[in-house]
Amino acid sequence: MEITLLVTGKTVSRELASLTADYAARASRYTPFEMKVLPDVRNARALTPEQRKSAEGKQLLAAVSSSDFLMLLDERGRQYSSMDFAAMLQKRMASGMKRLVFAVGGPYGFSSDVYERADGKISLSAMTFSHEMVRLFFAEQIYRAMTILRGDPYHHE
């Protein structure tokens with residue numbers, strides 16, 4: 001199963017981009033993992049929050065196929081422990097699906113069209129994090145989940 005993290009816009013912080021790339025590379029040793037960066041919406045400052053969510057949503061939906069399982073990283077999603085997240089990934093892998101897509105919304109969240117298409121939502125925390133930090137945290141959690149599933153000595157219970 002391929003795992004894709006869809007995000008909008010480049011990571012500005014070099015330090016965060018480097019750390020995110022490191023964890024993405026580590027995760028890729030266990031399973032096909034890709035962070036796909038969608039371009040920033042043009043003239044975003046001139047758009048209302050709803051217009052921006054709609055434009056970002058169209059890009060996101062264009063990057064997802066009908067056979068993909070789409071999980072939104074959303075503050076109202078289900079929270080998992082690292083062990084439970086690994087178990088959820090294992091279940092998805094065993095189901096035979098080809099691609100599991102996790103998506104990070106823009107600063108105003110997701111459009112209603114994206115919510116309608118989504119197969120589920122997960123939350124990393126009840127706290128709010130910058131989109132750049134979410135990329136890092138999520139890439140690390142994919143790596144952690146893979147080490148848990150393989151029994152490698154990274155996660156300590």
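# How we know: helices H1, H3 and H5 and a few single residues

Student: Which residues in H3 meet residues in H5?

Tutor: In this predicted model, Ser-82, Met-83, Phe-85, Ala-86, Leu-89, Gln-90 and Met-93 are the residues from H3. Their partners in H5 are Phe-138, Gln-141, Ile-142, Arg-144, Ala-145, Met-146, Ile-148 and Leu-149. Sorted by class, this contact has 11 nonpolar, 3 polar and 1 charged residues.

Student: What makes H3 roughly perpendicular to H5?

Tutor: Start with the axes of H3 (residues 82-94) and H5, which come within 9 Å and cross at roughly 75 degrees. Angles from 65 to 115 degrees count as roughly perpendicular, so H3 earns that description relative to H5.

Student: How do you know that the span of H3 agrees with what is expected?

Tutor: Let's set the two values side by side. With 13 residues at 1.5 Å a residue, H3 should span 18 Å. The C-alpha atoms at its ends are 18 Å apart, so the two agree.

Student: What makes the buried residues of H3 line one face of the helix?

Tutor: The residues in question are Ser-82, Phe-85, Ala-86, Met-88 and Leu-89. Looking down the axis of H3, you find them within an arc of 160 degrees, so they line one face. The face turned away from them carries Lys-91 and Ala-94, which are exposed.

Student: What covers the buried residues of H3?

Tutor: The cover includes S1, strand S3 (69-79), strand S4 (99-104), S5 and H5. As you follow the chain past H3, look for Gly-96, whose phi is positive, near 90 degrees.

Student: Now for H1. How do you know that its span agrees with the expected one?

Tutor: The reasoning runs along similar lines. H1 (residues 14-28) has 15 residues, so at 1.5 Å a residue it should span 21 Å, and its end C-alpha atoms are indeed 21 Å apart.

Student: Which residues are buried in H1, and what puts them on the same side?

Tutor: Leu-16, Thr-20, Tyr-23, Ala-24 and Ala-27 are the buried ones. Around the axis they cover an arc of only 105 degrees, and therefore they sit on the same side of H1. A general rule helps here: an α-helix has 3.6 residues a turn, so residues three or four places apart point the same way. The buried residues of H1 pack against strand S2 (33-38) and helix H5 (131-150). On the face turned away from that buried side you will find Arg-14 and Glu-15, both exposed.

Student: Why is Thr-8 called buried?

Tutor: Its relative accessibility is 17%, and buried means under 20%, so Thr-8 counts as buried. You can find Thr-8 in strand S1 (residues 2-8). Apart from neighbours within four places in sequence, Thr-8 is in contact with Leu-38, Pro-39, Asp-40, Glu-56, Val-104 and Arg-135.

Student: Why is Thr-147 called buried?

Tutor: The value for Thr-147, a residue of helix H5, is 1%. Since the limit is under 20%, Thr-147 is buried. Not counting residues up to four places away in sequence, Thr-147 touches Tyr-30, Asp-152, Tyr-154 and His-155. Tyr-30 is 117 residues away along the chain, while the C-alpha atoms of the pair are separated by 8.1 Å.

Student: Why is Lys-121 called partly exposed?

Tutor: Lys-121, in strand S5 (residues 120-123), has a relative accessible area of 34%. Buried needs under 20% and exposed over 50%, so Lys-121 is partly exposed. Its contacts beyond four places in sequence are Met-71, Leu-72, Asp-74, Arg-76, Gly-77, Arg-78 and Tyr-115.

Student: Why is Asn-43 called exposed?

Tutor: Its relative accessible area is 63%, and exposed means over 50%, so the label fits Asn-43. Asn-43 lies in the loop between S2 and helix H2 (49-62). Check its backbone too: Asn-43 is not a glycine, yet its phi is positive, about 55 degrees.

Note on methods
Residues are numbered from 1 along each chain as its sequence is written. This is a predicted model: local features need pLDDT of at least 70, side-chain atom pairs count only at pLDDT 80 or more; totals for chains, interfaces and linings use all residues. Side-chain values use heavy atoms; hydrogens and water are left out. Helices (H or I, at least four residues) and strands (E, at least two) are DSSP runs, numbered from the N terminus. The expected span of a helix is 1.5 Å times one less than its number of residues. Buried means under 20% relative accessible area, exposed over 50%, partly exposed in between (1.4 Å probe, protein chains only). The arc is that of the directions from the helix axis to the C-beta atoms. Contact means heavy atoms within 4.5 Å. Axes are lines fitted to C-alpha atoms, for helices over the stretch in contact, and angles run from 0 to 180 degrees between N-to-C directions. Angles under 35 degrees count as roughly parallel, over 145 as roughly antiparallel, 65 to 115 as roughly perpendicular and the rest as oblique. Ala, Val, Leu, Ile, Met, Phe, Trp, Tyr, Cys and Pro count as nonpolar, Asp, Glu, Lys and Arg as charged, and the others, Gly among them, as polar.
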